[in-house]
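User: Hi! I have a structure open and would like to talk it through with you. Could we begin with the charged contacts?

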Amino acid sequence: MKATKSCRIIIENRKQGLTKTEKRLADYILENMSDVLGFTVTELAEKSGTSDATVVRFCKNIGFKGYQDFKICAAVDTLPPNRHLSPNFNSSDDAAMVCQKVFTSEIDVLNETLMMLDIPALEQTAKAMAQAEKIAFFGSGGSNLVATDAQHKLLKIGHQVLVHGDADSQAMCASILGEKDLAFGISHSGSNRQTVHCLKLAKENGAFTVGLTTQGKNPLSKAADIVLYTSTKETVFRSESVTARIAQLAMLDSLIAMIALCDYDKSYKAIQMTRNATSEGKY
């Protein structure tokens, strides 16, 4: 929705029509509006003593499409516009300063992610991916682009990988995965409903599930057998972090290298075959 009133006024005006639990959530938000901007759905639910479903229902009951839509209104109500993309940027920054800040931020995120890596979880994931008959990636927007990049690199070393762009195709793909397959969900915020839905569908049918998300509790981390976490330079909207993709790409590049080393001879043969298959299109 496009708010004509402040988020606080919207909540106050709609409180009488809420359930007792939703009113408790509303009171918590009103008292902690600035902190709420940095919470995932799950984190807000835990802090307020409610549930993920209550948070989403509350947002819809007061007139928003969902939690992210609510946060947009709350951010407009709480923060100056220049802090929505990143707290590091200023409108007076020239091109050189913008580049300096972006490169520094991404280097920091890579270093922070490296320091917090769960190596046993990575090794278990790489082994499961190497042994899987099919690997299916699920994600939307920028996360789907990361999945497509991983698909390209995994094909080079001889692994069949599925990546679909639209929600219906993703759901159908997830529904027919089996015990010998692996479902890999990517969501920086961890709150993408479609990605979580696909992981749950795959898991119900016996597929091994992996989630790649930012550190913290969120719905995606609950749906996966193994969760791999990346760091981030936080923005108000986690799904729009300008540093999210670089950390995700580095994590997947590490996994792909580990998978290749699981059977180096097979991977090397596949690289030669795929290179020959594409050589005619190059000078």
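Analyst: Happy to. This is a predicted model, and a good place to begin is the salt bridge between the side chains of K153 and D149, at 3.5 Å or less by definition of the pair and listed at 2.8 Å, N to O.User: Hold on, what distance should I note for K153 and D149?

Analyst: Note 2.8 Å, N to O. Please strike my "3.5 Å or less by definition", which was a slip: the cut-off for a salt bridge is 4 Å, and 3.5 Å is the N to O distance for another pair, K222 and D52.

User: Thanks, fixed. Where do K153 and D149 sit?

Analyst: Both are in helix α10, four residues apart, which is about one turn of the helix.

User: Is K153 buried, exposed or in between?

Analyst: In between: K153 has 25% relative accessibility, so it counts as partly exposed, the class between 20% and 50%. D149 is partly exposed as well, at 27%.

User: Which other residue does K153 meet in a salt bridge?

Analyst: D253, with 2.7 Å from N to O. That pair links distant parts of the chain, since K153 is in helix α10 and D253 is in helix α14, 100 residues apart. D253 is partly exposed, with a relative accessible area of 34%. Through shared partners, D149, K153 and D253 form one salt-bridge network.

User: How many salt bridges does the structure hold?

Analyst: Nine. K222 and D52 make one of them, and that pair also spans a long stretch of chain: K222 lies in helix α13 (residues 219–223) and D52 in helix α5 (residues 52–61), 170 residues apart. K222 is exposed, at 55% relative accessible area.

User: Let's switch to the strands. Which residues of β1 are buried?

Analyst: Strand β1 covers residues 135–138, and both of its faces are covered. I135 and F137 are buried on one side, A136 and F138 on the other.

User: Why do they split between two sides like that?

Analyst: Side chains in a regular strand alternate between the two faces of the sheet.

User: What does β1 pair with?

Analyst: It pairs in the parallel sense with strand β2 (residues 161–163), over three bridges, and in the parallel sense with strand β3 (residues 182–186), over four bridges. F137 has a bridge partner on each: V163 in β2 and F184 in β3. I135, for its part, stands opposite L182 in β3.

User: How does the chain get from β1 to β2, and what hand is the crossover?

Analyst: It passes through helix α10 (residues 142–156), and this β-α-β crossover is right-handed. That is the helix that holds K153 and D149.

User: And β3, is it enclosed or open?

Analyst: Largely enclosed by the rest of the structure, because five of its five residues are buried. L182, F184 and I186 are on one side, with A183 and G185 on the other.

User: Which strand lies after that one, if I go by pairing with β3 and β4?

Analyst: β3 and β4 run parallel and are joined by five bridges. L182 stands opposite F208 in β4. Together with helix α12 (residues 193–204), the two strands make a right-handed β-α-β unit.

User: Now the core. Which residues touch the most other members of the largest nonpolar core?

Analyst: M129, F137, L154, F184, L228 and L252, out of 28 residues in that core. At least two residues each come from α9 (119–131), β1, α10, β2, β3, β4 (208–214), β5 (226–230) and α14. The largest share, six residues, is from α14.

User: Is there a general reason for nonpolar side chains to be buried together?

Analyst: As a general tendency, that is what they do in soluble globular proteins.

User: Last one: which residues make the nonpolar surface patch?

Analyst: L261, Y264 and Y268, with an area of about 370 Å². L261 lies in helix α14 (residues 244–262), and it is exposed because its relative accessible area, 62%, is over the 50% cut-off.

Technical notes:
Residues are numbered from 1 along each chain as its sequence is written. This is a predicted model: local features need pLDDT of at least 70, side-chain atom pairs count only at pLDDT 80 or more; totals for chains, interfaces and linings use all residues. Side-chain values use heavy atoms; hydrogens and water are left out. Patches are made of residues with over 30% relative accessible area and no salt bridge: like charges are joined within 9 Å, nonpolar side chains (Val, Leu, Ile, Met, Phe, Trp, Tyr) within 5 Å. Accessible areas come from the Shrake-Rupley method with a 1.4 Å probe; for residues, only the protein chains shown count as cover. Buried means under 20% relative accessible area, exposed over 50%, partly exposed in between (1.4 Å probe, protein chains only). Two strands pair if DSSP finds at least two bridges between them. A crossover is right-handed if, with the strands pointing away from the viewer, the path from the first strand over the helix to the second runs clockwise. A nonpolar core is a set of buried Ala, Val, Leu, Ile, Met, Phe, Trp, Tyr and Cys residues joined through side-chain atoms within 4.5 Å.
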